[in-house]
Amino acid sequence: METYQDLEFKDDMSYLYDWVLHFNPYTKLWSAVPREIYKEYWDKHDHPNVLRSNKLQTLLELLHKSKGDVELIDNMITKA
């Protein structure tokens, strides 16, 4: 079972309003879904703009570092 650790976000976290976090108990993965493709996510589970991780904290850290900017997240992931 995952234990969530407080990331101590001290700045404005309003960027999270544009994301939906979802846990799939079958795949044991967390998904961060941009709000504008939320309906598409349910029709196409493997949508390319959906972030996935087995740890919620990883997704929260990516969203925090990028302030929810999809292009910046993509750059961070492809350079890693």
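Start with the sheet. In this predicted model, select the 3 strands that form an open sheet, in the order E1-E2-E3. Their pairing is antiparallel. E1 and E3 (51-53) are the edge strands, each pairing on one side only. From one strand to the next, the twist averages 20°.

**First stop: E1 and E2**

Select residues 19-24 for strand E1 and residues 29-34 for strand E2. The two strands run antiparallel, joined by 6 bridges. For one bridge, pick Phe-23: its partner in E2 is Trp-30. Backbone hydrogen bonds are what pair the strands of a sheet, parallel or antiparallel.

**Second stop: the turn**

Follow the chain from E1 to E2. The two strands form a hairpin, with 4 residues between them. Select Lys-28 in the loop between E1 and E2. What is the sign of phi at Lys-28? Phi is positive there, near 65°, and the residue is not a glycine. Most residues other than glycine have a negative phi. Now show the surface. Lys-28 has a relative accessible area of 54%, so it counts as exposed, the cut-off being over 50%.

**Third stop: E2 and E3**

Move across the sheet to residues 51-53, strand E3. E2 and E3 pair in the antiparallel sense over 3 bridges. Select Ser-31 in E2, then Arg-52 in E3, which stands opposite Ser-31.

**Fourth stop: around Ser-31**

Keep Ser-31 selected. Is Ser-31 buried or exposed? Its relative accessibility is 1%, under the 20% cut-off, so Ser-31 counts as buried.

Next, display its neighbours. Leaving out residues up to four places away in sequence, Ser-31 touches these:

- Val-20, Leu-21 and His-22
- Tyr-41
- Val-50, Leu-51 and Arg-52
- Leu-59

Which residue's side chain makes a polar contact with the side chain of Ser-31? Tyr-41 does, at 3.3 Å. Draw that distance between the two side chains.

**Last stop: Lys-67**

Leave the sheet and go to helix H2 (56-66) and helix H3 (70-79). Select Lys-67 in the loop between these helices. Its phi is near 55°, again a positive value in a residue other than glycine. Turn the surface on once more. Lys-67 has 40% relative accessibility and counts as partly exposed, because that value lies between the 20% and 50% cut-offs.

Conventions: Residues numbered from 1 in each chain as written. Predicted model: local features only at pLDDT ≥ 70, side-chain atom pairs only at ≥ 80, totals over all residues. Heavy atoms only, no water. Buried < 20%, exposed > 50% of the residue type's maximum accessible area, 1.4 Å probe, protein only. Polar contact = N/O pair within 3.5 Å; in protein donor to acceptor, adjacent residues only side chain to side chain. Contact = heavy atoms within 4.5 Å. Pairing = 2+ DSSP bridges. Axes fitted to C-alpha atoms, helices over the stretch in contact; angles between N-to-C directions.
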